[in-house]
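Work through the exercises below with the sequence and the 3D view open. Try each task before reading its solution.

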Amino acid sequence: MQSIRSYRPFLLSLVMLCSAVVWAAPGPVQSFDTKAGPVKITPIYHAAAMIEAGGDRIYIDPAKPANLEGLAPGDLILITDIHGDHLDTADIAALSKTGTEIVAPAAVQQTVTSAKVLANGESLNWRKWKITAVSMYNIKHNMPNGTPFHVKGRGNGYVLTYGGKNFYFAGDTEGTPEMLALKDIDVAFIPMNLPYTMTPDEAAEAVKTFKPRVVIPYHYRGQDTQKFADDLKGSGIEVRLLDWYGNALPASAPRVTPPAEIPKPTTGAM
């Protein structure tokens with residue numbers, strides 16, 4: 001009988017392969033019916049998500065330490081802000097291909113020069129989608145020197161409209177007047193982490209005001225999302241609690257080297 005030592009390289013490779021599969025575990029996928037077909041939204045990590053519908057693939061805020069292994073390049077990448085947990089040029093490059101388009105606020109374009117700028121309150125049409133930028137900023141949660149962690153006008157939340165349904169990714173924000181004024185939001189992704197955004201209680205109060213049909217906490221590291229869900233009991237708003245932190249690439253595992261440059265879109269029109 002052949003010694004088990006002779007199988008050791010094979011067994012080691014198998015363990016490494018299985019580990020890689022365990023690391024690459026974005027999800028669970030959330031599917032929402034629209035008049036134009038289903039929209040599937042997959043949590044990746046923290047504030048990063050993949051959105052798929054009608055053959056289009058959109059990424060929002062891909063950034064370390066999200067594990068991107070196995071994820072196909074996107075047709076569109078949305079970036080909300082300049083902070084490293086939202087803006088990561090290596091991850092943007094890793095999820096880009098020829099023709100990938102990037103939409104971001106002006107502050108992000110200073111780093112990602114190929115991005116098309118969308119300012120607060122502006123909208124654009126992209127394929128079958130309408131994308132609207134919403135202000136995201138701090139009101140009372142500030143740095144020790146009094147400067148907001150997120151100043152008004154620098155970053156974008158986004159409302160993505162497809163097939164008559166509206167999907168809101170709030171970005172790093174408190175319950176601003178712009179958020180509270182939103183209407184007819186079908187699915188809202190809301191942050192809750194201190195000191196950068198708001199508490200679960202504050203997030204719940206904001207959600208009660210603009211009343212999305214479904215709300216999903218994200219960008220919540222260290223916060224009690226169950227408290228948020230409990231605050232919304234009896235409101236008629238469906239709360240879905242998902243794991244946004246199970247897909248981190250281990251610190252010892254290197255990121256696949258991305259292309260040297262982020263590909264420029266094949267056309268400038270959006």
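**Exercise 1. Contacts along the chain**

Task: Among the contacts with a separation of 6 or more, what share comes from residues 24 or more positions apart?

Solution: The model is a predicted one. Start with the contacts in the protein whose separation is 6 or more. Of these, 59% are between residues 24 or more positions apart.

**Exercise 2. Inventory, burial and surface**

Task: State how many helices and strands the protein has, what percentage of its residues is buried, and how much area it exposes.

Solution: Step one is the secondary structure: the protein has six helices and 14 strands. Step two is burial. The protein has 270 residues, and 48% of them are buried. Step three is the surface: about 12,500 Å² is exposed, with 56% of that supplied by carbon and sulfur atoms.

**Exercise 3. The sheet of strands 1 to 7**

Task: Find the order of the strands in this sheet, and explain why strand 1 and strand 7 each have one side without a neighbour.

Solution: The seven strands follow the order 1-2-3-4-5-6-7 in an open sheet with mixed pairing. Strand 1 (30-32) and strand 7 (116-117) are at the edges; each has a single partner strand, so one side of each lacks a neighbour in the sheet. Next, look inside the sheet. Strand 5 (residues 76-78) pairs with strand 6 (residues 101-104) in the parallel sense, over three bridges. Opposite L78 stands V103 of strand 6.

**Exercise 4. The sheet of strands 8 to 14**

Task: Which strands stand at the edges of this sheet, and in which sense do strand 12 and strand 13 pair?

Solution: This open sheet has seven strands in the order 8-9-10-11-12-13-14, and its pairing is mixed. At its edges are strand 8 (123-126) and strand 14 (238-239), each with a single partner strand, so one side of each has no neighbour in the sheet. Strand 12 (residues 187-191) and strand 13 (residues 214-218) pair in the parallel sense over five bridges. V187 has V214 in strand 13 as its bridge partner. Now add a helix: helix 5 (residues 200-210) lies across strand 11 (165-169), strand 12 and strand 13, and runs at about 155° to strand 12.

**Exercise 5. One loop residue**

Task: Is T176 buried or exposed?

Solution: First locate T176, which is in the loop between strand 11 and helix 4 (177-180). Its relative accessible area is 0%. Buried means under 20%, so T176 is buried. Finally, leaving aside residues up to four places away in sequence, T176 touches S135, Y137 and I139.

Terms used. Residues are numbered from 1 along each chain as its sequence is written. This is a predicted model: local features need pLDDT of at least 70, side-chain atom pairs count only at pLDDT 80 or more; totals for chains, interfaces and linings use all residues. Side-chain values use heavy atoms; hydrogens and water are left out. Helices (H or I, at least four residues) and strands (E, at least two) are DSSP runs, numbered from the N terminus. Buried means under 20% relative accessible area, exposed over 50%, partly exposed in between (1.4 Å probe, protein chains only). Contact means heavy atoms within 4.5 Å. Accessible areas come from the Shrake-Rupley method with a 1.4 Å probe; for residues, only the protein chains shown count as cover. Two strands pair if DSSP finds at least two bridges between them. Axes are lines fitted to C-alpha atoms, for helices over the stretch in contact, and angles run from 0 to 180 degrees between N-to-C directions.
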